[in-house]
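Open the structure in your viewer and keep the selection tool at hand. This tour tells you what to pick at each stop and what is there.

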Amino acid sequence: MSNFLNALNNIIWGPPLIILMIVTGVYFTLRTKFFQVRHLGYIFSRTLGRLFHRTDESADEKGLLTPYEAIATAVGGSVGFGNIAGVATAVTTGGPGAVFWMWLTAFLGMLIKQVEVTLAVYYRRTDENGVPYGGPTYYMERGLGEERHWGKLWLPLAFVFGIGIFSTFFISASTFTTSEVVAQSLGIPQAIAALIIVLLLYFMIWGGVKKLGQILTKLVPIMSLSYLILGIIIILMHLDNLLPTLGAIFGEAFTGSAALGGFAGASVSKVISTGMARSVYSNEAGWGSSPMIHASSQTRHPVEQGLWGSFEVFVDTFVVCTITALTVLVSGEWTSGATNATLALNVFTHNFGMFGTVILTLIMVVFSITTSGGWYAYYEVVLRHLAKNHPQIKKYLLLMFKYFYAVPPFLLTLYLIYVGDLSIWTLVDITSGIPTFVNVAVILILSGQYLKLLKDYKARYMHIGQVDPNMAIFYEDKPEVKAALEKEKAAQK
């Protein structure tokens, strides 16, 4: 079984997906004239800047969550154990050169994620309670099925995407990876540590998406800032190794890495696939996951929320993941033979002693719970779409899902602990690669709509170009769609 899954992983993260990701990212970068570079200051002013300056724009914004609640929930789903254990594993698997490909994927991913978030907000659907929900399955149905007259041909794509997304329900690295750290730190069996994490997760998700967003707005910034400060201190403690490390990152990106210490070495193809896979798993650009929560945000324009997607990738990869990669590399721990979260724990323990052990354990627990909590919100969006016209089915489906949400990852953790014939990261890469392939292909097909929305946004709010007064900035604002929705409501009464 392990040989089959390893072969499948090599196929999924082989040339077709790598080429599709790079081509799509380059295409949007060129068509927007390097928007993520030329307007980086504007992106920060409309995202980070809004957190410090209250405005009266909320009256014009529709949605369930505030922009900050949406970004905190989405960051909660992406910034987490993947930034620590995932990046550490990327370095021990692909060597320093994997970091370069992680950065390149994130650079292109800033626009890929802006596109998918924009489309998710534009094509979102308002439910019977007046709450908007959206995501890739929604823009497949409305963008492909309705606007482009694909009929039911969007359904196979949505089905494959849904299979990929829900496979992470059964195959999640969060519980297993974090329980490793907790067990090692507290000296308890890993199974007991996993059970503690499961109980904490149930406590978090029980209040629903709105409550989840409120919790994550408090937890994510505190834990992220603590991790960044300690990571920077470690880098400064090994400052003499920084320049050689940067040289290795760029030098080994195209040559592969030789064996060194406990590191077995890596080919160029392994360096590229590992760096790109870990980048996607960490910042979720192209995965199609976080657009599901962004679609419920209060926003005046789809592109406005798309800016938060770009900001999310920047913080996740260029800041948090980079800190992890540099701490592991400059400290020399990456050649020790340790892997997964244990490697990151060793870095903190060897540099800060018991304090480092305690603080990283706490950070990992919080990140694990926020990651799983963020993904709970994603699954809920897909289930709502599945049962969109059946309120009673939707009610019981969501309730049953809430009860059993943390059970499969716990059972997988027990399997990996007591059987251990598989690598958790092989499973993770397979489950992330499948929906990413489908979603990136779809947003490339729908690129025309994104470019229209970007042109409209720049004219309305950036004073670049002429405003088209007839432009519907939300799909449900289009006259023909409004009429169809009114007809649908009348038929249900």
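## Stop 1: Glutamate 304 and its distant partner

Select glutamate 304, which sits in helix H17, residues 302–330. Keep in mind that this is a predicted model. Is glutamate 304 buried or exposed? It is buried, because its relative accessible area is 1% and the cut-off for buried is under 20%.

Now add tyrosine 457 to the selection. Along the chain, glutamate 304 and tyrosine 457 are 153 residues apart. In space, their C-alpha atoms are separated by 7.8 Å.

## Stop 2: Helix H23

Stay with tyrosine 457 and select helix H23, residues 447–461. Count along H23 and you get 15 residues. From first C-alpha to last, H23 reaches 21 Å, close to the 21 Å expected at 1.5 Å a residue.

Which residues of H23 are buried? They are Ser447, Gln449, Tyr450, Leu451, Leu453, Leu454, Asp456, Tyr457, Lys458 and Ala459. Color them and look along the helix. An α-helix has 3.6 residues a turn, so residues three or four places apart point the same way.

Next, step past the end of the helix. Histidine 463 follows H23, and its phi is positive, near 60°.

## Stop 3: Helix H18

Select residues 340–352, which form helix H18. H18 has 13 residues. Its reach from first C-alpha to last is 19 Å, close to the 18 Å expected at 1.5 Å a residue.

Color the buried residues of H18: Asn340, Ala341, Leu343, Ala344, Leu345, Asn346, Val347, Phe348 and Asn351. Then move to glycine 353. Just after H18, glycine 353 takes a positive phi of about 70°.

## Stop 4: Two loops with a positive phi

Select phenylalanine 34. You will find it in the loop between H2 and helix H3 (35–38). Phenylalanine 34 is not a glycine, yet its phi is positive, about 55°. Phenylalanine 34 counts as partly exposed, because its relative accessibility is 37% and partly exposed lies between 20% and 50%.

Jump to histidine 149. Its loop runs between helix H9 (136–147) and helix H10 (154–170). Histidine 149 is also a residue other than glycine with a positive phi, near 55°. Is histidine 149 buried or exposed? Histidine 149 counts as exposed, because its relative accessibility is 69% and exposed means over 50%.

## Stop 5: Three more long-range pairs

Begin with serine 167, in helix H10. At 18% relative accessibility, serine 167 counts as buried. Add serine 432, which lies 265 residues away along the chain. The C-alpha atoms of serine 167 and serine 432 are separated by 8.8 Å.

Next, select serine 224 in helix H13, residues 208–237. Serine 224 counts as buried, at 14% relative accessibility. Add phenylalanine 367. Serine 224 and phenylalanine 367 are 143 residues apart in sequence and 8.7 Å apart in space, C-alpha to C-alpha.

Last, pick alanine 441 in helix H22, residues 424–445. Alanine 441 is partly exposed, with a relative accessible area of 27%. Add leucine 20. How many residues apart in sequence are alanine 441 and leucine 20? The answer is 421, while their C-alpha atoms are 7.5 Å apart in space.

## Stop 6: A cavity

A search of the whole structure finds 2 cavities of 30 Å³ or more. Go to the second largest cavity, with a volume of about 50 Å³. To see its lining, select Met21, Ile22, Trp101, Leu104, Thr105, Leu108, Gly109, Ile112 and Met276. Helix H2 (15–31) and helix H8 (97–122) are the elements that give two or more residues to this lining. H8 gives the most, with 6 residues.

Now color the lining by residue type. The lining of this second largest cavity has 7 nonpolar residues, 2 polar and no charged.

## Last stop: The whole protein

Zoom out and show everything. The protein has 24 helices and 2 strands. Of its 493 residues, 61% are buried. Take the contacts between residues at least 6 apart in sequence: 81% of them join residues at least 24 apart. Finally, turn on the surface. The protein exposes about 19,400 Å², and carbon and sulfur atoms supply 68% of it.

How values were computed:
Residues are numbered from 1 along each chain as its sequence is written. This is a predicted model: local features need pLDDT of at least 70, side-chain atom pairs count only at pLDDT 80 or more; totals for chains, interfaces and linings use all residues. Side-chain values use heavy atoms; hydrogens and water are left out. Helices (H or I, at least four residues) and strands (E, at least two) are DSSP runs, numbered from the N terminus. The expected span of a helix is 1.5 Å times one less than its number of residues. Buried means under 20% relative accessible area, exposed over 50%, partly exposed in between (1.4 Å probe, protein chains only). On a 1 Å grid over the protein atoms alone, a cavity is a set of points where a 1.4 Å probe fits but cannot get out, and a pocket is an open set with protein on both sides within 12 Å along at least five of seven lines; lining residues have an atom within 4 Å of a point. Grid points are joined across faces, edges and corners, and a volume is the space filled by probe spheres set on the points. Ala, Val, Leu, Ile, Met, Phe, Trp, Tyr, Cys and Pro count as nonpolar, Asp, Glu, Lys and Arg as charged, and the others, Gly among them, as polar. Contact means heavy atoms within 4.5 Å. Accessible areas come from the Shrake-Rupley method with a 1.4 Å probe; for residues, only the protein chains shown count as cover.
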